[in-house]
Structures are given as C-alpha cells and as structure tokens.
Amino acid sequence: MVSFDRVNHDILMDRLARRIADKAVLRLIRRYLQVGIMADGVVMARDEGTPQGGPLSPLLANVLLDEVDRALQQRGHRFARYADDCNVYVRSQKAGERVLCWMRKMYEKLHLRVNEKKTAVGPVFGRKFLGYCLRRWSGDTVKVAVAPKALDTFKQRIRVITRRVGGQGMAQIAEQMRAYLPGWKSYFRLAQTPQIFKNLDSWIRHRLRAIQLKHWRTGTTTYSRLRSLGANHELAALVAGGAGHWWRHSEAGLNRILTVEYFDALGFPRLA
C-alpha cells in the first residue's frame with residue numbers, strides 16, 4: 001500500500017498531460033490538487049498529495065499507478081488494486097519479497113512512499129483487501145468473506161446505535177439502522193458466507209429484545225405487553241420477574257414472542 005498524501009503534483013500532472021490535451025482541464029485539475037487544508041480553523045497551502053476523500057482522487061491514483069499496473073501485467077503477476085490499496089499474488093514468500101522490493105523501486109520513481117504499517121508479505125489467507133478476505137473451506141474450496149476487522153467495526157457501530165442508555169425510542173433506533181445496515185450489506189454483497197450474516201442478524205435481534213424490555217421498564221408493563229403479544233403466563237412472569245436483567249432475559253424464549261417479524265413491523269432492516 002502506498003501513501004497518497006505525498007503525491008508529487010508535477011509528476012501527476014505530467015502523466016495526465018500524456019492523456020489530456022485540453023489545457024483548461026489540466027489547469028482545473030491542478031487547482032483541485034492545490035486546494036488548501038483546513039487545520040484548527042486555518043487554511044494551509046497544499047503543494048503535494050491528493051485531497052483525502054475527494055471524488056477525483058481515486059481516478060488520479062489510477063492514472064498515476066497505471067504504469068505500475070502495466071508492469072505487473074507484463075511480468076505475469078496476478079493482482080488486485082483499488083486506488084492506493086494493492087494485493088499482488090505470488091507462489092512463495094521469497095517471490096513475494098522480490099516483488100515487493102521491485103515495487104518499492106517503481107514507487108520511488110513516482111516519488112511515492114510505501115506505507116510500511118500496512119505493507120507486508122504474507123499468506124493470502126491472512127490478508128484483507130477493501131474489508132474482504134479469503135477463507136479456505138472444505139477441500140480446496142476458497143470463498144470470499146468479510147474480514148474480521150470489518151466485522152469488529154460493524155459490531156462496534158451497532159453497539160453504539162443500540163446502546164441501552166440515552167433515551168432513544170425504537171423508532172429512532174430503527175431509523176439509524178436503516179441508514180447504516182443496507183449500505184453495509186450492499187458493500188459486502190460479494191461475501192460468500194451467508195451464515196455470518198444470519199449470525200449477525202441473530203445478534204442484533206438479541207440486542208433489540210434487550211432494549212425493548214428496558215423500554216417497558218416495570219415488571220407489570222413487561223408482563224402485560226408480553227401476554228398481549230401471545231406469551232404464556234410462565235414465560236411472561238419469568239421475564240417480568242427479572243426486570244433490570246434485560247440482556248439475560250432477552251434470550252429466555254423471548255425470540256418466539258419478539259420475533260423477526262415483530263422487528264420487521266417496527267421498521268428494522270435485515271442482513272439476511
């Protein structure tokens with residue numbers, strides 16, 4: 001992985017000029033590159049790097065790294081790259097070290113710096129790419145999965161949305177979930193591990209049941225609400241008698257009452 005906060009503007013503009021004849025467009029791109037950086041309320045001039053998160057930056061990265069891509073192809077390497085994130089697949093550790101050494105030299109010619117913290121040679125099953133990873137299943141089957149770090153980030157975000165403090169109502173929580181889950185699900189739609197999505201759905205519903213119990217607050221309210229939803233006396237009394245232990249009692253057969261369809265009706269999206 002290379003760092004694009006040190007992209008040399010002159011080298012980038014030279015590569016663009018080889019493809020773009022319109023001088024006005026080139027001047028506009030140069031101005032885009034030189035947009036100042038806001039730091040502590042003060043605008044600082046920029047003389048290198050591309051604007052982080054800018055809509056044009058991935059395209060500029062492709063233009064700058066095109067010659068590296070072509071060189072990799074000429075050498076017969078298989079690789080995947082998006083902007084500054086690149087994985088090259090070879091047959092051995094030693095081959096990987098040779099390729100990395102060669103790529104460092106290629107990047108140096110472009111005045112690019114390798115991000116050492118995110119760059120390494122290692123087994124393909126231990127690496128992630130754009131939030132995905134590869135997993136070996138039965139036999140020689142290899143599947144695309146969501147990387148563990150991406151799953152951890154997802155769970156942390158859900159924990160924030162579904163925290164049991166802050167006074168949020170179920171409608172507000174559902175609105176936040178609708179703003180986050182569909183986009184996350186769409187991004188990871190290439191994952192070939194449907195059971196992981198089902199497990200995440202189950203985990204989310206567990207949290208939602210605990211929130212619902214807390215919102216009912218008292219044992220009397222909890223008992224009457226559960227009975228109205230079809231729970232028998234024993235289950236309703238068991239859960240109602242454990243007021244304050246929402247997480248523990250959110251699995252005490254409550255999934256048969258506060259079902260997936262119950263949360264569907266409240267506007268909560270599903271992953272699976």
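This report walks through a predicted model of one protein chain, from its overall build to two helix pairs and a single loop residue.

## The chain as a whole

Start with the big picture. The protein chain is built from 11 helices and 9 strands. Its radius of gyration is 26 Å, well over the 19 Å that the globule rule gives for 272 residues, so the chain is more spread out than a compact globule. If you line the chain up along its principal axes, the C-alpha atoms fill a box of roughly 75 × 55 × 30 Å.

How much of the chain is buried? Of the 272 residues, 39% are. As for contacts, take those with a separation of 6 or more: 61% of them link residues that are 24 or more positions apart.

## Helices α1 and α2

Two packed helices are described by the angle between their axes and by the distance between those axes. Here's how that plays out at the start of our tour: α1 (residues 9–17) and α2 (residues 23–33) pack at about 155°, and their axes are 11 Å apart. That angle makes α1 roughly antiparallel to α2, because anything over 145 degrees counts that way. The two helices cross in a right-handed sense.

Which residues do the touching? On the α1 side you'll find H9, D10, L12, M13, L16 and A17, and they meet L26, I29, R30 and L33 of α2. Sorted by class, this contact has 7 nonpolar, 1 polar and 2 charged residues.

## Helices α3 and α4

Next up is the pair formed by α3 (residues 57–74) and α4 (residues 93–109), whose axes come within 10 Å and cross at roughly 150°. That makes α3 roughly antiparallel to α4. The crossing of α3 past α4 is right-handed.

From α3, the contact uses L65, E67, V68, A71 and L72, while α4 brings W102, M103, M106 and Y107. By class, that comes to 8 nonpolar, no polar and 1 charged residues.

## A stop at T218

Where does T218 sit? Look in the loop between α7 (194–216) and α8 (219–228). And is T218 buried or exposed? It falls in between: T218 is partly exposed, because its relative accessible area is 41%, while buried means under 20% and exposed over 50%.

For a sense of distance, try finding T50 as well. T218 and T50 are 168 residues apart along the chain, and their C-alpha atoms are separated by 56 Å.

Terms used:
Residues numbered from 1 in each chain as written. Predicted model: local features only at pLDDT ≥ 70, side-chain atom pairs only at ≥ 80, totals over all residues. Heavy atoms only, no water. Axes fitted to C-alpha atoms, helices over the stretch in contact; angles between N-to-C directions. Helix = DSSP H or I, 4+ residues; strand = E, 2+ residues; numbered from the N terminus. Parallel < 35°, antiparallel > 145°, perpendicular 65-115°, else oblique. Left-handed = near helix turned anticlockwise from the far one by under 90°. Contact = heavy atoms within 4.5 Å. Nonpolar A, V, L, I, M, F, W, Y, C, P; charged D, E, K, R; others polar. Rg over C-alpha atoms; globule rule 2.2 N^0.38 Å. Buried < 20%, exposed > 50% of the residue type's maximum accessible area, 1.4 Å probe, protein only.
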